[in-house]
Amino acid sequence: MKKRKKRRPWLSRQLRRRPRPVWVLILCDALLLGLGLVTFALFHHVLPRHEQSVGIVTTRESLMAARSQQVDVPRATDAPAMEAATIAPAAPEGAAGSGETAEPAPTETPDPDAPKRSVHTTENIGWFGNRFPDKFTDGEVIITDDSYKSSHVNITLQRHKKPGLAFYVADIYIKDIISLKTVFAEDTFSRGLRESVVSMNKRVGGIIAINGDFYGCRADGFVMRNGELYRKDTRTKRDVGVLYWDGTMETFSPSKFDIDDAIAKGACQIWNFGPRLLDENGEAMTKFNSDVWGLNPRTALGYYEPGHYCFVVVDGRTDKSKGMELKDLSKLMHTLGCVRAYNMDGGNTSVMVVGGKAVNNQSGKGRITSDAIVIVDN
Amino acid sequence: MLRKLLPHLAIILSCMYVVFFGIDRVNSAMAFIENDITKWLLLVLCLISITNAVLVIVDDRKRERRRRARAKKRAHAGTAR
(Lines give C-alpha, C1' and ligand atoms only; values in the text may rest on other atoms or scores of the structure.)
Protein backbone atom coordinates (compact mmCIF):
# COMPACT_ATOMS: atom_id res chain seq x y z
CA MET A 1 0.00 0.00 0.00
CA LYS A 2 1.33 3.37 -0.98
CA LYS A 3 2.01 5.59 2.00
CA ARG A 4 0.39 8.99 1.57
CA LYS A 5 2.67 11.89 2.27
CA LYS A 6 1.40 14.22 5.00
CA ARG A 7 0.56 17.66 3.61
CA ARG A 8 2.11 20.63 5.33
CA PRO A 9 -0.05 23.59 6.49
CA TRP A 10 -0.67 26.42 4.01
CA LEU A 11 1.55 28.96 5.76
CA SER A 12 4.39 26.47 6.04
CA ARG A 13 4.11 25.64 2.33
CA GLN A 14 4.17 29.31 1.42
CA LEU A 15 7.25 29.96 3.52
CA ARG A 16 9.08 26.97 2.03
CA ARG A 17 8.48 28.14 -1.52
CA ARG A 18 11.08 30.05 -3.46
CA PRO A 19 11.68 33.51 -1.97
CA ARG A 20 9.08 36.03 -3.11
CA PRO A 21 10.06 39.27 -4.85
CA VAL A 22 11.09 42.03 -2.46
CA TRP A 23 8.15 44.27 -3.35
CA VAL A 24 5.73 41.49 -2.34
CA LEU A 25 7.45 41.18 1.04
CA ILE A 26 7.35 44.96 1.57
CA LEU A 27 3.68 45.10 0.57
CA CYS A 28 2.80 42.25 2.93
CA ASP A 29 4.66 43.89 5.82
CA ALA A 30 3.00 47.25 5.11
CA LEU A 31 -0.43 45.62 5.09
CA LEU A 32 0.27 43.81 8.34
CA LEU A 33 1.55 47.08 9.84
CA GLY A 34 -1.73 48.78 8.89
CA LEU A 35 -3.67 45.89 10.37
CA GLY A 36 -1.64 46.14 13.57
CA LEU A 37 -2.26 49.89 13.88
CA VAL A 38 -5.99 49.49 13.28
CA THR A 39 -6.18 46.74 15.91
CA PHE A 40 -4.24 48.94 18.32
CA ALA A 41 -6.60 51.88 17.69
CA LEU A 42 -9.57 49.61 18.23
CA PHE A 43 -8.39 48.57 21.68
CA HIS A 44 -6.77 51.90 22.59
CA HIS A 45 -9.60 54.30 21.96
CA VAL A 46 -12.60 52.68 20.33
CA LEU A 47 -13.80 49.74 22.42
CA PRO A 48 -15.35 50.93 25.70
CA ARG A 49 -13.65 49.89 28.91
CA HIS A 50 -15.54 50.64 32.08
CA GLU A 51 -13.58 51.94 35.02
CA GLN A 52 -14.38 51.98 38.70
CA SER A 53 -14.77 55.31 40.45
CA VAL A 54 -12.36 56.03 43.30
CA GLY A 55 -15.49 56.68 45.32
CA ILE A 56 -14.43 59.88 47.08
CA VAL A 57 -17.25 62.43 47.04
CA THR A 58 -17.16 66.05 48.09
CA THR A 59 -20.39 67.94 48.66
CA ARG A 60 -21.16 71.55 49.23
CA GLU A 61 -22.70 70.65 52.59
CA SER A 62 -19.56 68.89 53.80
CA LEU A 63 -17.53 71.92 52.79
CA MET A 64 -19.94 74.19 54.66
CA ALA A 65 -19.50 72.04 57.75
CA ALA A 66 -15.73 72.10 57.39
CA ARG A 67 -15.64 75.85 56.94
CA SER A 68 -18.10 76.63 59.72
CA GLN A 69 -16.54 78.65 62.48
CA GLN A 70 -16.82 77.99 66.18
CA VAL A 71 -18.00 81.23 67.76
CA ASP A 72 -18.98 81.89 71.34
CA VAL A 73 -22.51 83.17 71.64
CA PRO A 74 -24.24 84.21 74.93
CA ARG A 75 -27.21 82.08 75.88
CA ALA A 76 -29.65 84.95 75.40
CA THR A 77 -28.90 85.07 71.67
CA ASP A 78 -29.13 81.36 71.12
CA ALA A 79 -32.37 81.36 69.16
CA PRO A 80 -31.43 83.97 66.48
CA ALA A 81 -28.04 82.39 66.15
CA MET A 82 -29.62 79.07 65.37
CA GLU A 83 -31.74 80.65 62.66
CA ALA A 84 -28.74 82.31 61.09
CA ALA A 85 -26.87 79.05 61.19
CA THR A 86 -29.40 77.21 59.05
CA ILE A 87 -29.64 79.77 56.25
CA ALA A 88 -28.48 78.06 53.10
CA PRO A 89 -29.66 77.94 49.52
CA ALA A 90 -32.38 75.45 48.89
CA ALA A 91 -31.12 72.36 47.16
CA PRO A 92 -32.20 72.76 43.55
CA GLU A 93 -33.91 70.08 41.56
CA GLY A 94 -31.49 67.65 40.07
CA ALA A 95 -28.90 68.17 42.77
CA ALA A 96 -29.02 64.48 43.60
CA GLY A 97 -28.02 63.66 40.09
CA SER A 98 -25.00 65.87 40.35
CA GLY A 99 -23.52 63.88 43.18
CA GLU A 100 -24.79 66.13 45.95
CA THR A 101 -26.80 65.16 48.97
CA ALA A 102 -29.76 67.25 50.06
CA GLU A 103 -28.90 67.10 53.74
CA PRO A 104 -29.45 70.29 55.71
CA ALA A 105 -26.52 72.29 57.05
CA PRO A 106 -25.34 71.08 60.45
CA THR A 107 -26.91 72.68 63.50
CA GLU A 108 -26.23 72.34 67.20
CA THR A 109 -28.43 71.38 70.08
CA PRO A 110 -28.50 74.12 72.74
CA ASP A 111 -26.79 73.21 75.98
CA PRO A 112 -28.80 74.76 78.85
CA ASP A 113 -26.06 74.16 81.42
CA ALA A 114 -23.33 76.09 79.68
CA PRO A 115 -23.20 79.84 80.28
CA LYS A 116 -21.99 80.30 76.72
CA ARG A 117 -22.06 77.86 73.84
CA SER A 118 -20.49 77.43 70.45
CA VAL A 119 -22.54 77.45 67.25
CA HIS A 120 -21.57 76.84 63.69
CA THR A 121 -22.07 79.76 61.32
CA THR A 122 -22.20 78.58 57.79
CA GLU A 123 -21.61 80.50 54.60
CA ASN A 124 -23.56 79.94 51.44
CA ILE A 125 -20.82 78.23 49.52
CA GLY A 126 -21.27 78.26 45.77
CA TRP A 127 -24.20 80.69 45.90
CA PHE A 128 -23.55 83.96 44.09
CA GLY A 129 -26.98 85.56 44.15
CA ASN A 130 -25.82 88.64 46.02
CA ARG A 131 -22.66 89.04 44.01
CA PHE A 132 -24.26 89.95 40.67
CA PRO A 133 -27.86 90.99 41.48
CA ASP A 134 -28.31 92.93 38.23
CA LYS A 135 -27.33 89.94 36.11
CA PHE A 136 -30.39 87.84 36.90
CA THR A 137 -34.09 88.33 36.38
CA ASP A 138 -36.85 87.89 38.95
CA GLY A 139 -38.06 84.75 37.29
CA GLU A 140 -38.66 85.52 33.64
CA VAL A 141 -36.44 84.02 30.97
CA ILE A 142 -35.19 86.36 28.23
CA ILE A 143 -33.71 84.59 25.24
CA THR A 144 -32.22 86.25 22.16
CA ASP A 145 -29.96 84.87 19.43
CA ASP A 146 -26.86 85.61 21.46
CA SER A 147 -28.00 85.83 25.04
CA TYR A 148 -29.88 84.01 27.76
CA LYS A 149 -30.99 85.65 30.97
CA SER A 150 -32.95 84.02 33.75
CA SER A 151 -33.18 84.05 37.53
CA HIS A 152 -30.11 81.81 37.77
CA VAL A 153 -28.05 82.18 34.62
CA ASN A 154 -26.85 85.00 32.42
CA ILE A 155 -25.03 84.12 29.21
CA THR A 156 -23.84 86.43 26.45
CA LEU A 157 -22.36 84.92 23.34
CA GLN A 158 -19.95 86.93 21.22
CA ARG A 159 -18.92 85.77 17.78
CA HIS A 160 -15.60 87.24 16.65
CA LYS A 161 -14.84 86.82 13.00
CA LYS A 162 -11.96 88.38 11.12
CA PRO A 163 -9.95 87.22 8.11
CA GLY A 164 -8.26 83.93 8.98
CA LEU A 165 -9.65 83.67 12.48
CA ALA A 166 -13.01 82.97 14.08
CA PHE A 167 -13.60 82.48 17.78
CA TYR A 168 -16.56 82.47 20.14
CA VAL A 169 -16.72 83.78 23.67
CA ALA A 170 -19.57 82.97 26.01
CA ASP A 171 -19.60 85.25 29.04
CA ILE A 172 -21.34 83.36 31.83
CA TYR A 173 -22.75 84.43 35.19
CA ILE A 174 -24.33 81.79 37.39
CA LYS A 175 -26.19 82.20 40.65
CA ASP A 176 -25.43 78.72 41.88
CA ILE A 177 -22.30 76.65 41.28
CA ILE A 178 -24.35 73.61 40.33
CA SER A 179 -25.41 75.45 37.19
CA LEU A 180 -21.93 74.65 35.88
CA LYS A 181 -21.90 70.91 35.58
CA THR A 182 -20.05 68.25 33.68
CA VAL A 183 -21.56 65.36 31.76
CA PHE A 184 -20.15 61.98 30.80
CA ALA A 185 -20.90 60.38 27.45
CA GLU A 186 -23.89 58.11 27.98
CA ASP A 187 -23.77 59.15 31.63
CA THR A 188 -21.11 56.53 32.27
CA PHE A 189 -17.55 56.87 33.44
CA SER A 190 -15.71 54.79 30.89
CA ARG A 191 -12.82 54.82 28.50
CA GLY A 192 -13.94 54.52 24.92
CA LEU A 193 -17.54 55.62 25.38
CA ARG A 194 -18.24 58.73 23.33
CA GLU A 195 -21.14 60.98 22.53
CA SER A 196 -21.57 64.27 20.74
CA VAL A 197 -21.61 67.41 22.89
CA VAL A 198 -24.92 68.32 21.22
CA SER A 199 -26.44 65.11 22.50
CA MET A 200 -24.98 65.46 26.01
CA ASN A 201 -26.18 69.06 26.23
CA LYS A 202 -29.66 68.03 25.11
CA ARG A 203 -29.84 65.17 27.60
CA VAL A 204 -29.21 67.38 30.62
CA GLY A 205 -31.21 70.31 29.30
CA GLY A 206 -28.16 72.55 28.99
CA ILE A 207 -28.20 76.10 27.66
CA ILE A 208 -24.64 76.14 26.44
CA ALA A 209 -21.94 73.50 26.38
CA ILE A 210 -18.35 72.95 25.36
CA ASN A 211 -16.30 69.80 25.09
CA GLY A 212 -14.34 68.72 28.15
CA ASP A 213 -10.88 67.26 28.59
CA PHE A 214 -11.59 63.94 26.77
CA TYR A 215 -10.56 61.94 29.83
CA GLY A 216 -11.70 58.77 28.03
CA CYS A 217 -8.66 58.56 25.78
CA ARG A 218 -6.27 58.19 28.70
CA ALA A 219 -5.88 55.90 31.67
CA ASP A 220 -3.84 58.21 33.88
CA GLY A 221 -4.41 61.51 35.63
CA PHE A 222 -7.33 62.84 37.61
CA VAL A 223 -11.02 62.85 36.84
CA MET A 224 -13.46 64.53 39.21
CA ARG A 225 -16.95 65.39 38.06
CA ASN A 226 -19.71 67.11 40.00
CA GLY A 227 -18.04 66.31 43.31
CA GLU A 228 -17.12 62.66 42.70
CA LEU A 229 -13.53 61.62 42.24
CA TYR A 230 -13.52 58.96 39.53
CA ARG A 231 -9.83 58.61 38.77
CA LYS A 232 -6.81 59.32 40.92
CA ASP A 233 -3.60 58.47 39.12
CA THR A 234 -0.66 60.63 40.06
CA ARG A 235 1.44 59.60 37.02
CA THR A 236 0.06 62.54 35.06
CA LYS A 237 2.46 64.95 33.39
CA ARG A 238 -0.29 67.33 32.30
CA ASP A 239 -1.49 70.49 34.04
CA VAL A 240 -4.54 70.22 36.25
CA GLY A 241 -7.57 72.52 36.36
CA VAL A 242 -9.73 72.55 39.49
CA LEU A 243 -13.10 74.17 40.10
CA TYR A 244 -14.15 74.30 43.74
CA TRP A 245 -17.63 74.25 45.25
CA ASP A 246 -17.12 77.86 46.34
CA GLY A 247 -16.86 78.87 42.68
CA THR A 248 -13.14 79.57 42.62
CA MET A 249 -10.92 77.98 40.05
CA GLU A 250 -7.24 77.13 40.20
CA THR A 251 -4.77 75.68 37.74
CA PHE A 252 -1.68 73.70 38.67
CA SER A 253 1.39 72.24 37.10
CA PRO A 254 1.40 68.46 37.76
CA SER A 255 4.28 68.70 40.24
CA LYS A 256 2.46 71.28 42.37
CA PHE A 257 -0.91 69.56 42.41
CA ASP A 258 -1.94 67.71 45.56
CA ILE A 259 -5.20 65.79 45.14
CA ASP A 260 -5.77 65.43 48.89
CA ASP A 261 -5.34 69.16 49.34
CA ALA A 262 -7.78 69.85 46.49
CA ILE A 263 -10.38 67.51 48.05
CA ALA A 264 -9.92 69.14 51.44
CA LYS A 265 -10.49 72.54 49.84
CA GLY A 266 -13.73 71.30 48.28
CA ALA A 267 -12.94 70.50 44.66
CA CYS A 268 -15.99 69.66 42.59
CA GLN A 269 -14.48 69.42 39.09
CA ILE A 270 -10.97 68.37 38.15
CA TRP A 271 -9.79 68.37 34.55
CA ASN A 272 -6.50 66.95 33.45
CA PHE A 273 -5.71 68.02 29.91
CA GLY A 274 -4.35 71.53 29.89
CA PRO A 275 -2.16 73.34 29.73
CA ARG A 276 -3.02 76.19 32.04
CA LEU A 277 -3.13 79.37 30.03
CA LEU A 278 -2.50 82.02 32.68
CA ASP A 279 0.10 82.07 35.45
CA GLU A 280 -0.45 82.46 39.21
CA ASN A 281 -0.79 86.22 38.80
CA GLY A 282 -3.31 85.95 35.99
CA GLU A 283 -0.76 87.03 33.38
CA ALA A 284 -0.46 85.60 29.88
CA MET A 285 2.15 82.90 29.45
CA THR A 286 4.58 82.13 26.64
CA LYS A 287 5.72 78.65 27.63
CA PHE A 288 3.27 75.83 28.17
CA ASN A 289 3.28 72.30 29.45
CA SER A 290 1.94 70.88 26.19
CA ASP A 291 3.07 69.25 22.98
CA VAL A 292 0.02 70.37 21.02
CA TRP A 293 1.73 73.28 19.36
CA GLY A 294 0.90 75.22 16.23
CA LEU A 295 -2.32 76.72 14.93
CA ASN A 296 -5.22 74.57 16.02
CA PRO A 297 -8.87 74.69 16.98
CA ARG A 298 -9.02 75.33 20.73
CA THR A 299 -11.44 75.14 23.64
CA ALA A 300 -10.81 76.93 26.92
CA LEU A 301 -12.53 77.59 30.21
CA GLY A 302 -11.89 81.01 31.76
CA TYR A 303 -12.44 82.17 35.33
CA TYR A 304 -12.94 85.80 36.41
CA GLU A 305 -14.34 85.46 39.93
CA PRO A 306 -16.66 83.02 41.72
CA GLY A 307 -19.82 82.75 39.66
CA HIS A 308 -18.35 84.45 36.59
CA TYR A 309 -16.75 82.30 33.90
CA CYS A 310 -16.31 82.17 30.15
CA PHE A 311 -16.24 79.49 27.50
CA VAL A 312 -13.94 80.17 24.56
CA VAL A 313 -13.86 78.12 21.37
CA VAL A 314 -11.57 78.89 18.43
CA ASP A 315 -12.22 77.53 14.96
CA GLY A 316 -9.25 76.13 13.08
CA ARG A 317 -7.82 74.06 10.25
CA THR A 318 -10.09 75.74 7.71
CA ASP A 319 -9.62 78.51 5.16
CA LYS A 320 -11.85 80.83 7.19
CA SER A 321 -9.99 80.23 10.43
CA LYS A 322 -6.55 78.74 10.82
CA GLY A 323 -6.79 78.37 14.58
CA MET A 324 -4.70 79.69 17.43
CA GLU A 325 -1.41 78.91 19.05
CA LEU A 326 -1.44 78.44 22.81
CA LYS A 327 0.35 81.74 23.40
CA ASP A 328 -2.33 83.55 21.36
CA LEU A 329 -5.07 81.81 23.32
CA SER A 330 -3.31 82.78 26.53
CA LYS A 331 -3.21 86.42 25.39
CA LEU A 332 -6.88 86.26 24.46
CA MET A 333 -7.87 84.92 27.89
CA HIS A 334 -5.81 87.64 29.54
CA THR A 335 -7.39 90.30 27.33
CA LEU A 336 -10.83 89.03 28.25
CA GLY A 337 -9.92 89.70 31.87
CA CYS A 338 -9.72 86.14 33.13
CA VAL A 339 -7.50 85.46 36.14
CA ARG A 340 -7.34 81.70 35.52
CA ALA A 341 -7.80 79.84 32.27
CA TYR A 342 -7.51 76.22 31.34
CA ASN A 343 -7.21 74.63 27.93
CA MET A 344 -9.53 71.72 27.17
CA ASP A 345 -9.23 69.20 24.36
CA GLY A 346 -8.97 70.92 20.97
CA GLY A 347 -8.58 69.94 17.35
CA ASN A 348 -11.58 68.19 15.86
CA THR A 349 -13.12 67.91 19.33
CA SER A 350 -13.45 71.69 19.82
CA VAL A 351 -17.10 72.61 19.88
CA MET A 352 -19.49 75.08 21.47
CA VAL A 353 -23.13 74.09 21.49
CA VAL A 354 -26.05 76.45 21.99
CA GLY A 355 -29.65 75.34 21.79
CA GLY A 356 -29.03 71.95 20.29
CA LYS A 357 -26.56 72.87 17.59
CA ALA A 358 -22.92 73.74 17.26
CA VAL A 359 -22.15 77.46 17.09
CA ASN A 360 -18.69 77.05 15.65
CA ASN A 361 -17.46 75.28 12.55
CA GLN A 362 -15.90 72.09 13.82
CA SER A 363 -12.79 71.09 11.94
CA GLY A 364 -13.11 67.93 9.89
CA LYS A 365 -16.43 66.34 10.63
CA GLY A 366 -16.06 67.06 14.33
CA ARG A 367 -15.36 64.40 16.90
CA ILE A 368 -17.53 62.76 19.49
CA THR A 369 -15.99 62.98 22.93
CA SER A 370 -16.18 61.47 26.37
CA ASP A 371 -17.34 64.49 28.38
CA ALA A 372 -18.75 67.98 28.20
CA ILE A 373 -19.06 71.10 30.36
CA VAL A 374 -22.61 72.36 30.44
CA ILE A 375 -24.42 75.36 31.88
CA VAL A 376 -27.88 74.44 33.08
CA ASP A 377 -30.62 76.73 34.34
CA ASN A 378 -31.83 75.52 37.70
CA MET B 1 8.90 28.67 9.70
CA LEU B 2 9.68 30.68 12.86
CA ARG B 3 12.96 31.83 11.39
CA LYS B 4 11.16 33.33 8.40
CA LEU B 5 8.27 34.89 10.33
CA LEU B 6 10.12 36.48 13.22
CA PRO B 7 12.08 39.11 11.23
CA HIS B 8 8.83 40.31 9.65
CA LEU B 9 7.10 40.50 13.01
CA ALA B 10 10.06 42.49 14.33
CA ILE B 11 9.85 44.90 11.37
CA ILE B 12 6.08 45.36 11.77
CA LEU B 13 6.22 45.95 15.52
CA SER B 14 9.18 48.29 15.19
CA CYS B 15 7.35 50.29 12.52
CA MET B 16 4.33 50.47 14.83
CA TYR B 17 6.58 51.95 17.50
CA VAL B 18 7.95 54.50 15.05
CA VAL B 19 4.34 55.54 14.32
CA PHE B 20 3.51 55.70 18.05
CA PHE B 21 6.58 57.81 18.69
CA GLY B 22 5.65 60.22 15.90
CA ILE B 23 2.05 60.74 16.96
CA ASP B 24 3.02 60.91 20.62
CA ARG B 25 5.32 63.81 19.80
CA VAL B 26 2.42 65.61 18.16
CA ASN B 27 -0.22 64.78 20.78
CA SER B 28 1.08 63.25 23.98
CA ALA B 29 -2.29 63.72 25.68
CA MET B 30 -3.62 60.74 23.76
CA ALA B 31 -1.08 58.54 25.59
CA PHE B 32 -0.12 56.47 22.58
CA ILE B 33 3.03 55.26 24.28
CA GLU B 34 2.08 55.40 27.94
CA ASN B 35 -0.71 52.86 27.96
CA ASP B 36 -1.03 49.19 28.83
CA ILE B 37 -1.44 47.93 25.25
CA THR B 38 1.76 49.59 24.07
CA LYS B 39 3.64 48.26 27.07
CA TRP B 40 2.58 44.69 26.26
CA LEU B 41 3.50 45.25 22.61
CA LEU B 42 6.90 46.42 23.78
CA LEU B 43 7.32 43.17 25.72
CA VAL B 44 6.36 41.17 22.60
CA LEU B 45 8.81 43.20 20.51
CA CYS B 46 11.56 42.53 23.06
CA LEU B 47 10.85 38.78 23.10
CA ILE B 48 10.80 38.66 19.29
CA SER B 49 14.04 40.62 19.11
CA ILE B 50 15.72 38.35 21.66
CA THR B 51 14.56 35.21 19.82
CA ASN B 52 15.67 36.71 16.52
CA ALA B 53 19.05 37.62 17.93
CA VAL B 54 19.52 34.13 19.43
CA LEU B 55 18.58 32.50 16.11
CA VAL B 56 21.00 34.76 14.23
CA ILE B 57 23.77 33.90 16.68
CA VAL B 58 23.02 30.16 16.43
CA ASP B 59 22.98 30.34 12.61
CA ASP B 60 26.18 32.31 12.60
CA ARG B 61 27.92 29.81 14.86
CA LYS B 62 26.67 26.91 12.72
CA ARG B 63 27.95 28.59 9.58
CA GLU B 64 31.28 29.32 11.22
CA ARG B 65 31.58 25.73 12.46
CA ARG B 66 30.79 24.42 8.96
CA ARG B 67 33.29 26.78 7.40
CA ARG B 68 36.01 25.64 9.80
CA ALA B 69 35.13 21.96 9.29
CA ARG B 70 35.33 22.49 5.53
CA ALA B 71 38.66 24.28 5.85
CA LYS B 72 39.97 21.48 8.06
CA LYS B 73 38.81 18.88 5.54
CA ARG B 74 40.57 20.75 2.77
CA ALA B 75 43.72 20.95 4.86
CA HIS B 76 43.58 17.20 5.58
CA ALA B 77 43.03 16.46 1.89
CA GLY B 78 46.06 18.62 1.06
CA THR B 79 48.36 16.80 3.50
CA ALA B 80 47.10 13.36 2.32
CA ARG B 81 48.19 14.20 -1.22
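How many residue pairs are in polar contact between chain B and chain A? In this predicted model, the count is three residue pairs, with both residues at pLDDT 80 or more. The side of chain B that touches chain A receives at least two residues from each of two helices of chain B, α1 (2-26) and α2 (36-80). Helix α1(B) supplies the largest share of that side, namely twelve residues. By residue class, the side of chain B that touches chain A comprises 15 nonpolar, five polar and five charged residues.

The contact as a whole draws 25 residues from chain B and 25 residues from chain A. Between them, the two chains bury about 2,100 Å², and carbon and sulfur atoms account for 70% of this area. One salt bridge is found across the interface of chain B and chain A. A salt bridge joins the side chains of A:K237 and B:E34, with an N to O distance of 3.0 Å.

Over all chains, the structure holds 21 salt bridges. Among them is the pair formed by the side chains of A:R159 and A:D146, at 2.9 Å from N to O. A:R159 belongs to strand β7 (residues 153-162) of chain A, whereas A:D146 is placed in the loop between β5 and β6 (147-149) of chain A; the salt bridge therefore ties together parts that are 13 residues apart in sequence. Side chains of opposite charge can pair in this way when their charged atoms come close.

Strands β5, β6 and β7 also take part in a sheet of chain A. This open sheet consists of seven strands in the order β5-β6-β7-β8-β18-β17-β19, with antiparallel pairing. The edge positions are held by β5 (142-144) and β19 (340-343) of chain A; each has a single partner strand, so one side of each is left without a neighbour in the sheet. From one strand to the next, the twist averages 15°. At one end of the order, strand β17 (residues 298-305) of chain A pairs with β19(A) in the antiparallel sense over four bridges. Within this part of the sheet, A:L301 has A:Y342 of β19(A) as its bridge partner.

A further open sheet in chain A is built from five strands, ordered β9-β22-β11-β20-β21, and its pairing is likewise antiparallel. Here β9 and β21 (357-358) of chain A stand at the edges; because each has a single partner strand, one side of each is left without a neighbour in the sheet. Strand β11 (residues 206-211) of chain A and strand β20 (residues 352-354) of chain A are paired in the antiparallel sense over three bridges. In this pairing, A:I208 stands opposite A:V354 in β20(A). In general, the strands of a sheet pair through backbone hydrogen bonds, either parallel or antiparallel.

Two features of backbone geometry are found in loops of chain A. The peptide bond from A:G274 to A:P275 is cis, with omega near 10°. A:P275 is located in the loop between β16 (267-271) and β17 of chain A, and β17 is itself a member of the seven-stranded sheet. The second feature concerns A:E186, a residue other than glycine whose phi has a positive value, near 55°. A:E186 lies in the loop between β9 (180-184) and β10 (190-191) of chain A; of these strands, β9 is an edge strand of the five-stranded sheet.

Note on methods:
Residues are numbered from 1 along each chain as its sequence is written. Chains are lettered from A and ligands numbered from 1 in the order in which they are written. Side-chain values use heavy atoms; hydrogens and water are left out. Two strands pair if DSSP finds at least two bridges between them. Axes are lines fitted to C-alpha atoms, for helices over the stretch in contact, and angles run from 0 to 180 degrees between N-to-C directions. Contact means heavy atoms within 4.5 Å. Buried area is the accessible area (1.4 Å probe) that two parts lose on being put together, summed over both. A salt bridge is a side-chain nitrogen of Lys or Arg within 4 Å of a carboxyl oxygen of Asp or Glu. A polar contact is a pair of N or O atoms within 3.5 Å; within protein, one must be able to donate a hydrogen and the other to accept it, and residues adjacent in sequence count only if both atoms are side-chain atoms. Ala, Val, Leu, Ile, Met, Phe, Trp, Tyr, Cys and Pro count as nonpolar, Asp, Glu, Lys and Arg as charged, and the others, Gly among them, as polar.
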